[in-house]
Each structure stands twice: as structure tokens, then as C-alpha cells.
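Dear colleague,

I am passing on the structure we talked about, and I would be glad if you could look through it before reading my notes underneath.

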Amino acid sequence: MFDILSILPGKKKQTSSGWTSFNAICCTHFGHRQDKRMRGGIKFDGTNWSMHCFNCGFKCNFVLGRTISAKTRSLLVWSGIDEQQVKRWSLESLQQKDLIDFTQPKKQKIKIKFNEHKLPEGEIVDRDNPLHKVYVEYLLSRKIDSNDYPFLITPTEKGRMANRVIVPYTYKNKIVGHTSRFLDNKIPKYINEQQPGYVFNIDIQKPEWAVCIVTEGIFDALSIDGVALMHNDISSDQALLLSTLNKQLILVPDRDKTGLSLCDKALELGYSVSLPNWDVDVKDVNDAVVKYGKLPTLLSILQCATNSKIKIEMQRKKIGKAGN
Ligand SMILES: [Zn+2]
């Protein structure tokens with residue numbers, strides 16, 4: 001009905017995860033400083049969109065078939081749209097409601113809910129900012145493009161906190177948690193704020209993808225566009241959430257004892273398991289992507305995916321031996 005990306009003023013930066021960042025226009029209306037760090041994020045599917053400001057916390061959305069909310073109206077007005085025009089769009093949108101209800105058969109919906117979560121104040125990692133170089137290079141060393149995910153950093157904080165990359169967790173485009181990955185490699189490497197049953201990177205799984213690669217770690221998931229369990233178990237709530245994807249699920253565990261014990265659980269749940277013939281020094285998906293590249297890693301995962309318990313047992317023995 002209207003193209004929000006062309007309505008919002010200023011330059012925009014698209015990321016492959018589907019977020020577009022721009023200088024948010026909400027903050028000054030709430031007593032915050034003007035955003036000059038592209039901290040506004042918007043996800044737009046051509047019709048519906050949702051916007052989140054990583055600076056002042058403002059958020060709003062548009063869903064065809066519903067009226068335009070007061071917050072969304074504010075955003076449009078701040079962008080220079082006339083109030084009357086917003087009213088007309090709101091009415092037009094509502095008129096589409098019956099059409100949408102008719103064309104989209106109602107699916108049996110499983111209710112999954114995560115509480116909203118407040119992120120630490122930080123800056124979006126910017127490749128073009130020389131002060132961000134160390135963070136950009138860390139991500140690159142793990143074969144992850146800093147533009148591909150709305151990573152945050154807090155370089156002005158003291159001590160370890162300056163030396164971390166924050167990875168926001170989203171569910172249905174809402175912020176529901178985050179992890180901090182510290183770059184100094186001291187223990188703990190990660191500090192997580194995470195809700196039970198959450199599976200990382202579930203939002204970027206595209207409807208047209210036939211498979212979903214299930215990994216253990218955040219960077220495994222980011223480097224192969226898969227999801228991460230973030231521990232070496234598949235909880236029943238996580239299994240429920242993954243089942244809503246309606247895809248072939250392929251578990252690629254870490255090459256250690258606990259990782260390999262995950263295989264049984266995955267088979268019980270009807271997932272495929274893949275243990276490709278990677279070199280001994282490759283301990284997880286991210287190692288493989290760093291060593292072989294994303295596409296060869298993906299191909300090896302798909303080629304080795306199996307539901308056969310016997311095949312997996314053989315692979316597991318082989319890896320166990322090589323590791324000794
Ligand atoms: Zn704002």
C-alpha cells in the first residue's frame with residue numbers, strides 16, 4: 001500500500017538478514033539525542049513492516065488489514081506524511097481485512113511467546129567507522145559480515161565491556177534477549193540473557209528454504225544461516241518452536257562428546273543428523289566455514305545428512321577415534 005523505506009528520510013543500509021538500518025527519527029521526540037549511528041532498524045516484506053529503534057526503544061509496525069496505530073501514525077508524520085493521508089491509508093488497510101481473511105486459510109497456531117527484552121545501549125557495528133575495526137575484523141575472522149546482523153558494540157564502556165560484540169536475539173522481529181561475546185577469550189567467553197525454549201536465528205529462516213541447519217553455537221548459526229540451540233540439548237520447548245518451521249531439520253553437532261550425544265535426541269525427534277568428513281581440527285560448523293567456505297560446508301552438510309542410526313553410529317566412531 002505504501003513503501004515505508006522510501007518514506008523514511010535519510011540514507012539506509014540493507015542487511016542480508018532483512019533489516020534495513022537508518023538514522024532513527026523518533027529519539028528527539030522522547031528527549032533522547034538525535035540518532036546519528038543508524039540505530040533505527042526496519043523489516044519490510046513489501047507490505048507489512050515493523051520498526052525498532054535501538055537508540056530510544058521506540059517501536060511500531062504496520063500490518064495490512066489492520067488500522068494504523070497511534071505510534072505508527074507518529075512515525076509517518078515525523079517522516080513528513082500528512083495526517084489526512086495516514087487516515088486514508090488506515091482506512092484502505094482495514095478494507096483489505098476481509099480479502100486477507102478470505103485468501104489466507106487459518107492455520108492451527110501453536111502459541112509461543114517470549115517476553116520483550118531491553119538491549120544494552122550500544123552502537124551498531126559499522127564497517128566504515130575506523131573505531132569499529134577491531135569488532136569488524138573479529139567477525140570477519142569467523143567469516144561473518146558485520147552488515148549481515150544488527151550486532152551492537154559498547155566501545156566506550158569500561159574494562160571487558162568495551163571489548164565485546166552483542167548479538168541481539170529476536171523472535172518475530174521483537175527483541176527477546178541477547179548474548180555478549182567477549183573478544184579477549186577469557187572465561188566466560190559469553191554472557192547470555194536468554195529465555196527458556198528460545199532458538200537463535202529462527203527469524204531469518206525463509207519460508208522457501210526446504211531445510212534448516214540446527215547447530216549448537218551462535219556463530220555456527222550465523223555463518224551458515226542456520227539456527228542455534230545454544231547448549232548441548234534440544235529442550236521440548238525448543239523442539240516445539242523448531243517444529244513450527246515445517247522444514248527438514250538437520251542437526252550438525254559439535255565434534256565433542258556432548259555434541260555427539262545430541263545425535264540420539266535429534267533422531268528421536270525425527271531430525272536428520274549430519275557428520276561430514278571434516279578435518280580433525282574442525283570442531284564445529286563455524287570452524288568448517290572458516291576453513292572451507294560457506295558453500296562447500298553447506299554442501300557437505302546436505303550430502304551427509306541421514307536418518308540412519310547405523311550410519312551416524314559409524315561416523316561417530318570415526319570422529320571419536322580421530323579426536324583421540
Ligand atoms: Zn529512537
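The notes below go through the metal site, the two sheets and some contacts of aromatic rings.

Please keep in mind throughout that this is a predicted model.

I begin with the zinc ion, which is coordinated by the SG atoms of Cys26, Cys27, Cys53 and Cys56, at 2.3 to 2.4 Å. The arrangement is tetrahedral, because the angles subtended by the four donor atoms around the zinc ion run from 101 to 121°. Along the chain, the donors follow the spacing C-C-x25-C-x2-C. Cys26 belongs to the loop between strand E2 (19-22) and strand E3 (40-44), while Cys53 is part of strand E4 (residues 49-53), so this pair ties together parts that are 27 residues apart in sequence. Both of these cysteines are shielded: Cys26 has a relative accessible area of 0% and is therefore buried, and Cys53, with a relative accessible area of 1%, is buried as well.

The strands just mentioned take part in an open sheet of five strands, in the order E1-E2-E3-E4-E5, with antiparallel pairing. Strand E1 (12-14) and strand E5 (59-62) stand at its edges, and each has a single partner strand, so one side of each is left without a neighbour in the sheet. On average, and with direction ignored, neighbouring strands of this sheet are turned by 20° against each other. E1 and E2 run antiparallel and are joined by three bridges, and Lys13 stands opposite Ser21 in E2.

A further open sheet of five strands has the order E6-E7-E8-E9-E10, and its pairing is antiparallel too. Here the edge strands are strand E6 (123-124) and strand E10 (190-193), each of which pairs on one side only.

Within that sheet, strand E8 (residues 164-171) deserves a closer look. Eight of its eight residues are buried, so E8 is largely enclosed by the rest of the structure. In a regular strand the side chains alternate between the two faces of the sheet. In E8 both faces are covered, since Arg164, Ile166, Pro168 and Thr170 on one side are buried, as are Val165, Val167, Tyr169 and Tyr171 on the other.

As for the partners of E8, strand E7 (residues 152-153) pairs with E8 in the antiparallel sense over two bridges, and Ile153 stands opposite Val165 in E8. With strand E9 (residues 174-182), E8 pairs over eight bridges, again in the antiparallel sense. Arg164 stands opposite Phe182 in E9, and Tyr171 stands opposite Lys174 in E9. The hairpin of E8 and E9 has two residues between the strands, and in this hairpin Lys172 takes a positive phi near 50°.

Lastly, the aromatic rings: the structure holds 16 aromatic pairs, and one aromatic cluster is formed by Phe114, Tyr149, Phe151, Tyr169, Tyr171, Tyr198 and Phe200. Of these, Tyr169 and Tyr171 are also among the buried residues of E8. Two charged side chains are placed over rings as well. The charged end of Arg160 sits over the ring of Phe182, 4.2 Å from its centre, and Phe182 is the residue of E9 that stands opposite Arg164. The charged end of Lys71 sits over the ring of Phe58, 5.9 Å from the centre of that ring.

With best wishes

Notes:
Residues numbered from 1 in each chain as written. Predicted model: local features only at pLDDT ≥ 70, side-chain atom pairs only at ≥ 80, totals over all residues. Heavy atoms only, no water. Donors = N, O, S within 2.8 Å, 3.2 Å for Na, K, Ca; no water. Tetrahedral: all angles 85-135°; square planar, octahedral: opposite > 155°, others 65-115°. Helix = DSSP H or I, 4+ residues; strand = E, 2+ residues; numbered from the N terminus. Buried < 20%, exposed > 50% of the residue type's maximum accessible area, 1.4 Å probe, protein only. Phe/Tyr/Trp six-rings, centres within 6.5 Å; stacked < 30°, edge-to-face > 60°. Lys NZ or Arg CZ within 6 Å of the ring centre and 35° of its normal. Pairing = 2+ DSSP bridges. Axes fitted to C-alpha atoms, helices over the stretch in contact; angles between N-to-C directions.
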